[in-house]
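Please read the following walk through a protein chain with its sequence and coordinates open beside the text. The account moves from a pair of strands to a sheet, then to the helices, and ends with two loops.

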Amino acid sequence: MKASSAAKRGSAWSAAIDATAVLGALPDPVLVVDADGTFIYANAAAEQFFDTSAIGLLGTLLSELLPPDSPVFALIDTVRSSGHSVSEYGVTLETPRLGAHVMTVQAAPIAENRAEVVVTLQERSIAHKIDRQLTHRNAARSVTAMAAMLAHEVKNPLSGIRGAAQLLEESVGPGDRELTRLICDESDRICALVDRMEVFSDQRPIERGPVNIHEVLERVRLVAQTGFARHVRFVEEYDPSLPPVHGNRDLLIQVFLNLVKNAAEAVPAQGGEIQITSGYQHGVRLAVAGSDSRVHLPLVISIIDNGEGIPDELAQHLFDPFVTTKHNGTGLGLALVAKVIGDHGGVIEFDSQPRRTAFRVCLPMAPRGVST
Ligand SMILES: Nc1ncnc2c1ncn2[C@@H]1O[C@H](COP(=O)(O)OP(=O)(O)OP(=O)(O)O)[C@@H](O)[C@H]1O
Ligand SMILES: [Mg+2]
């Protein structure tokens with residue numbers, strides 16, 4: 001009974017909905033090229049994009065519309081040789097006819113062992129997200145100069161103030177000693193803050209090697225669960241086959257500690273849950289700002305919490321230094337995370353709704369042939 005009703009539903013679907021109509025209704029250009037790179041399909045959005053009718057496009061070579069060095073061709077070749085779908089962010093498609101468009105290009109094989117490739121182009125969404133993360137990198141950079149200045153201008157006089165207070169402590173009565181203690185404690189607090197900022201002024205390239213990210217995440221969970229996240233339930237979903245990250249273990253621990261700490265501070269007092277997941281994503285490459293090269297960032301680690309989410313007005317500035325909604329917060333946690341992930345050539349992005357806030361970190365893989 002069940003099988004036949006499912007079959008009926010299947011046939012009802014195919015009769016009612018024509019796949020070509022669906023593709024035609026999509027707002028993003030979709031096109032298919034054959035083994036020679038000739039158009040064999042273009043939806044309405046693709047007609048508009050190339051400013052040519054479908055009839056005009058059919059039989060036309062894609063290379064007649066895009067310059068020969070366009071990354072789209074390399075992408076199509078990769079799909080043919082790997083048999084996988086591939087996507088690339090931040091590809092600039094530019095011809096005299098099209099003008100310049102920064103797009104996300106996705107290409108996929110139509111069927112196994114066939115040379116036809118379907119290509120979709122998206123102008124907004126993901127490209128937009130990447131834009132956001134590039135501003136995060138700028139934010140991290142702007143704090144660099146300030147950190148260097150603070151370390152220099154604040155720490156030296158501060159040690160003088162602290163020394164003077166200590167000297168005074170010996171000669172004042174017990175009532176005033178409380179005040180000299182206060183000066184010392186507050187000086188120490190400012191000093192610790194400046195120390196935290198000093199990470200930002202470190203411009204040296206980081207030392208990197210193959211890092212087992214699950215070992216890093218386990219360590220972070222352990223530290224969290226025995227300390228600040230005692231009240232939280234942890235759910236781990238790791239892909240055990242994940243290859244090592246090309247990274248710095250200590251810095252990565254710092255990154256994920258900051259993300260897990262924020263998550264633990266966001267979850268409700270009762271029923272708080274933090275999910276940590278790891279996975280491999282095929283074919284996501286990111287254009288490196290200011291150069292032609294592209295990095296492959298296949299390792300994705302997500303920290304997801306069930307807190308109230310990030311207020312809209314904060315989202316734009318989340319990775320800027322000193323942005324905080326917390327009583328005792330410094331607002332340096334995410335600025336530091338952005339700096340370290342940037343130094344790794346990685347990407348961080350977030351997506352927040354009430355009861356589900358996810359921070360996704362994409363990192364490069366360690367070169368093959370080295371083991372952890
Ligand atoms: N998982 C999250 N859920 C909701 N809001 C978040 C989350 N993570 C960060 N935020 C918001 O972003 C702000 C900045 O975070 P960041 O880690 O940079 O600083 P902080 O946590 O306030 O201070 P510090 O890290 O120094 O303790 C937080 O104050 C909080 O408002
Ligand atoms: Mg924080």
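Two strands count as paired if DSSP finds at least two bridges between them, and strands in turn are DSSP runs of E with at least two residues. In this predicted model, β3 and β4 form a hairpin with 3 residues between them. Strand β3 covers residues 86-95 and strand β4 covers residues 99-109, and the two pair in the antiparallel sense over 8 bridges. One point at which to check this pairing is T92, whose bridge partner in β4 is V102. Because 7 of the 10 residues of β3 are buried, this strand is largely enclosed by the rest of the structure.

Farther along the chain there is an open sheet of 5 strands in the order β7-β9-β12-β14-β13, and its pairing is mixed. Its edges are formed by β7 (233-237) and β13, each of which pairs on one side only. On average, and with direction ignored, neighbouring strands of this sheet are turned by 15° against each other. Strand β7 pairs in the parallel sense with β9 (residues 273-280) over 5 bridges, and within that pairing R233 has E273 in β9 as its bridge partner.

Helices also lie across this sheet. Helix α8 (residues 213-226) lies across β7, β9 and β12 (299-305), running at about 175° to β7, whereas α9 lies across β7, β9, β12, β13 and β14 and runs at about 25° to β12. Within α9, which spans residues 249-266, N258 offers a residue to examine: its relative accessibility is 14%, so N258 counts as buried, the cut-off being under 20%. Leaving aside neighbours within four places in sequence, N258 is in contact with R196, G333, L336 and V337.

Helix α7 (residues 174-201) allows a check of geometry, because at 1.5 Å a residue its 28 residues should span 40 Å, and the end C-alpha atoms are 41 Å apart, which agrees. The buried residues of α7 are T180, C184, S187, V194, M197 and F200.

Two backbone angles remain to be considered. D51 has a positive phi of about 55° although it is not a glycine, and D51 lies in the loop between α3 (44-50) and α4 (54-57). With a relative accessible area of 56%, D51 is exposed. R355 likewise has a positive phi, of about 75°, without being a glycine; R355 sits in the loop between β13 (347-353) and β14 (356-363) and, at a relative accessible area of 48%, is partly exposed.

Note on methods. Residues numbered from 1 in each chain as written. Chains lettered and ligands numbered in written order. Predicted model: local features only at pLDDT ≥ 70, side-chain atom pairs only at ≥ 80, totals over all residues. Heavy atoms only, no water. Helix = DSSP H or I, 4+ residues; strand = E, 2+ residues; numbered from the N terminus. Buried < 20%, exposed > 50% of the residue type's maximum accessible area, 1.4 Å probe, protein only. Contact = heavy atoms within 4.5 Å. Expected span 1.5 Å × (residues − 1). Axes fitted to C-alpha atoms, helices over the stretch in contact; angles between N-to-C directions.
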